[in-house]
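Please read the explanation below alongside the sequence and the 3D structure. It goes from single positions to pairs of side chains, then to the surface and the chain as a whole.

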Amino acid sequence: MALGDQNSLPLKMMGTGLEGSTEPAQLQEFSQTLQTHTAMAAAPVSLDLEDQQVPPAVRALWVLDAPEPPSLWRELMGSVREIALPCGKRPPRSMKASSSSGRVGAILKGVFPVFKWIREYKLAQFKNDLMAGLTLASLCIPQSIGYATLAKLDPEYGLYTSVLPPLIYAVMGTSKEIAIGPVAVVSMLTSSMLQKVVDPTADPIGYRGLVFTATFFAGVFQASFGIFRLGFLVDLLSHAAVVGFMAGAAIVIGFQQLKGLLGISHFTNRTDVVSVMESVWRSIPNSWNPHNFMLGCAFLSFLLIARFLGRKNKKLFWLPAIAPLLSVVLATLLVFLTRADKHGVKIIKHLKGGLNPSSIHELQFHTPFLGEAAKAGLVIAVIALTEAIAVGRSFASLKGYRLDGNKEMVAMGFMNIAGSFASCYTSTGSFSRTAVNFSAGCESPLSNVVMATAVLITLVLLTRLLYYTPMAILASIILAALPGLIDLNEARSIWRTDKLDFLACAGAFVGVLFGSVEIGLLVALAISFARIVLASINPGVETLGRVPGTETFCNIQQYPMATRVPGVLTIGVKSSTLCFANANFIRERIVKSVLEAEEPCSMDGSLQVQFVILDMSNLMNIDTSGIHSLEELNKNLASYGVELVMANPKWPVIHKLRVSKLTSKIGGRVFLTVKEAMDSCLATKLASV
C-alpha cells in the first residue's frame, strides 16, 4: 500500500474513534493528519521518535510501506564481498580515491589472511611455532604413513599429503592452531567408497587416479560451499550424527587394523564389522603371524601408556606426541637387528622418496566412474569440513578469537584442489594433532609450515631408513589414535538432553558399524530430516497472554499468570516459515483455537471472540501456499464475525503479503507490535459499544 492510499484504510481498525463516520470533512482532516505524521517520520530529525508521539496509525503505515528486501543477486554479491574483503565491507573512500594498489591489498588480505598477521609477527613467536611444528612432525610422519595404508595407497602418499596442503592452509586459513594432514576417518571413507569401484590390489594405478579425482571434487565442493555461503549443507549432518558416525568409524577402523596387527595377507574389502570379523576368523588358523601380534601389542601398550601419562600431566604433552615416532624408530631398529622380516614380520619395504610428483595426468575426467568419484568427493568434503571446522572452532574459543567458517571452507577447498595435482589425497584438520599443536604453544599457522618442511626433509633424505618399519607398528599407531574419536560422555549428554537427537546418533553408529559408511550417513540424514519435516508439518500454535506489569505477550501455558483480553484472541505461530508443508495445518489449528476459546454466546452462534491477533514475529518467510492459507483463514474467521489482525511481520513476509494484495484484503490491519494491535482492537470495541 502506498503512502497516498490512506483514505482507503478502514478507519474503524485504527483506533481513531472515527468508526462509522463517513462525513467528508472528518475524513479529510484525518487523512491530512496521517500525511503530516508520515512526512515527519520520513524527514531526518535529531529528536527521538518517542518524543514525537507518532500515532499507532502512522506506525502501522511504516510496516505496510516497508521497502523491498534485498534481491537474491545482492545477497550473493554480499557473500562474495565478505570472502574477498576484510570483514565483508566495501573499500573505504580513501582506498577508492588513492590507487588500485590499495584495493588490491585489501582483497589480498581478505583472500590470504597471512598478510594480516605476518606484519606483526615476532621472533619470539617463531620460536614457539618452531617447537610446535617439530613436535607436530614427530606425530604426523608415522600417522601419515599409517593413514595412507588405511586409504589403500602406498605409504609415501600420506607424506605427500602432509606437505603441500599445510603450506596452502598456512596462507589461506584463519585458524592458528589447526594441524592439516590426512586423518583416519577421511582415509577410511576414501578406501571404503572407492575400492568398490576399482580394486586397489588388482589395479593400483587406476585406483590411485580415482582417489586423486575424488580429492579434486572434494576440493571443488568445499571451495563452493565457502564462496556461495552453502555452509548450511555441512550443518545438515547434526552434531549428534557426527558423534555417532565418528564412534562407528573408529570401531570399523580399529577392526580393519587387525590385518596389520595379526599379519594377515588376505583380508576382506568390506568395512562392516561382521564381514571383518568373519575374515579374521577364517584367516587366523592359516595366515596370522604371532611375531607381528606380539610386536604390535607391545608398542600399542607403550603408545597407550604415553597417551595416559600425557593426559594425566599436562607438562608431559610431548610424550604422546613423540611416542609414535619413537615407536617407529625402535621397531624398525629391532626388526633390522633381529632380521624379523625373515620370520614372517611384514615390513613397509621400499618407500618412494623425493618431492611430490605431479598427478595431473592421473586425474580421470573421462572415466565411466566419474560419477562415483564426484559422489565420493561430496561425502568426503562434507565429513572433512565437519571435522575441521568443529576442531578449529573448539580451539579458537579457547584463545578467544573467531574462526571464519566460510574462509575455512575456501582454504580447505583450494588446498585439496592443489593437492590433487600433487599426489595428495583429501586432507583436513586433525583433532589429535591440533591438540598437540595447541599444547606445544603454537602462535600462528606457521607451525604447519615447519611441520610440512620436516616432512619434506624426511621424504628427500630419510625414506630409506623406513624400509624395515613393520606394518604392525602402523596398525598400533592408528589404534592408539582411535579412542579420541569415541566420545562416550558426549553421547550420554545427548541422551539426557534430547532423545530424538540420540536416535540420530545411534542410527549413524549402527549404520556405519553393521552396514557401510554410506548407510550410516543416510540413516543419520534420514532421521535428522524426518525430525525437521515433522517439526515443519506440525509446528503448532500457541495462545498468548499479557504478562502482568509488562507489555510482553507470552504463551499462557508457560506463563500461567499471563492474562487474556476478553473478545481478543492472540495467537503465535511456532514456526519460522509458513509454507506448503504446514499452511493448512496452521490454518486449521487457528480456527480450532478460535472455536474452542469460548462457547457461543447467543442463539445465532456468534462468538464472544471478535478479533484474532496473529503474532508473526517468529515467521521469517512465507510462500504462496502460506499466503493462500491466510486468505482462507480470513474468510473462515469473517464467516464467524471475527476479524483478523496481524502484528510484527518480518521484511520478506510483509513484502510478499503486500505484493499478493493480502494486506488490502484484510483491510490493512497490520501493526508494528502485538500491544498496538491489542490497543487498536480494544479501541474499536469501546467505540462500537
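F336 is placed in helix 18. The model is a predicted one. With a relative accessibility of 39%, F336 counts as partly exposed, because that class lies between the cut-offs of 20% and 50%. In sequence F336 and T469 are 133 residues apart, yet their C-alpha atoms are 8.6 Å apart in space.

A second position to look at is S476, which belongs to helix 23, residues 471–481. S476 has a relative accessible area of 0% and is therefore buried. Setting aside residues up to four places away in sequence, S476 touches G296, F299, L300 and L303.

C424 sits outside the helices, in the loop that runs between helix 20 (405–420) and strand 2 (428–430). What is the relative accessibility of C424? The value is 0%, so C424 counts as buried. Apart from its neighbours within four places in sequence, C424 is in contact with Y160, T161, L164, P165, F212, T215, N356 and G419. For one of these residues, L164, a C-alpha to C-alpha distance can be given: C424 and L164 are 8.0 Å apart in space and 260 residues apart in sequence.

The next topic is charged side chains. Nine salt bridges are counted in the model. One of them joins the side chains of K399 and E177, at 3.5 Å from N to O. K399 is part of helix 19, whereas E177 is in the loop between helix 10 (164–172) and strand 1 (179–181), so this pair ties together parts that lie 222 residues apart in sequence. The two partners can also be described by their accessibility. K399 counts as partly exposed, at 36% relative accessibility, while E177 is buried, with a relative accessible area of 0%.

A further salt bridge is made by the side chains of E518 and K196, again with an N to O distance of 3.5 Å. This pair links distant parts of the chain, 322 residues apart: E518 is in helix 26 (residues 517–537), and K196 is in the loop between helix 11 (184–194) and helix 12 (204–227). Is E518 buried or exposed? E518 has a relative accessible area of 19% and is buried, because the class requires a value under 20%. K196, at 55%, is exposed.

The salt bridge between E372 and K375 has an N to O distance of 3.5 Å. Both residues are in helix 19 and three residues apart, which means that about one helical turn separates E372 from K375. E372 counts as partly exposed, with 34% relative accessibility, and K375 counts as partly exposed at 42%. Elsewhere, D498, D501 and R531 are joined into one network by salt bridges that share partners.

The surface has patches of two kinds to consider. K152, K259, R339, K342, K346 and K349 form a positive patch. Within this group, K152 is found in the loop between helix 8 (123–150) and helix 9 (156–160). K152 has a relative accessible area of 31% and is partly exposed. That value meets the patch rule, because a patch residue must have over 30% relative accessible area and no salt bridge.

The other patch is nonpolar and consists of L355, I457, V460, L461, L462 and L465, which together have about 610 Å² of accessible area. Where is L355 found? L355 lies in the loop between helix 18 (318–338) and helix 19 (370–399). L355 is exposed, with a relative accessible area of 59%.

Figures for the whole chain complete the picture. The protein chain has 31 helices and 10 strands. Of its 689 residues, 50% are buried. The chain exposes about 32400 Å², and carbon and sulfur atoms supply 63% of that area. For contacts between residues at least 6 apart in sequence, 79% join residues at least 24 apart. The contact between C424 and L164 is one example of a pair well separated along the chain, with their positions 260 residues apart in sequence.

Key
Residues are numbered from 1 along each chain as its sequence is written. This is a predicted model: local features need pLDDT of at least 70, side-chain atom pairs count only at pLDDT 80 or more; totals for chains, interfaces and linings use all residues. Side-chain values use heavy atoms; hydrogens and water are left out. Patches are made of residues with over 30% relative accessible area and no salt bridge: like charges are joined within 9 Å, nonpolar side chains (Val, Leu, Ile, Met, Phe, Trp, Tyr) within 5 Å. Accessible areas come from the Shrake-Rupley method with a 1.4 Å probe; for residues, only the protein chains shown count as cover. A salt bridge is a side-chain nitrogen of Lys or Arg within 4 Å of a carboxyl oxygen of Asp or Glu. Lys and Arg count as positive and Asp and Glu as negative; His and the chain ends are not counted. The place of a charge is taken as NZ of Lys, CZ of Arg, CG of Asp or CD of Glu. Helices (H or I, at least four residues) and strands (E, at least two) are DSSP runs, numbered from the N terminus. Buried means under 20% relative accessible area, exposed over 50%, partly exposed in between (1.4 Å probe, protein chains only). Contact means heavy atoms within 4.5 Å.
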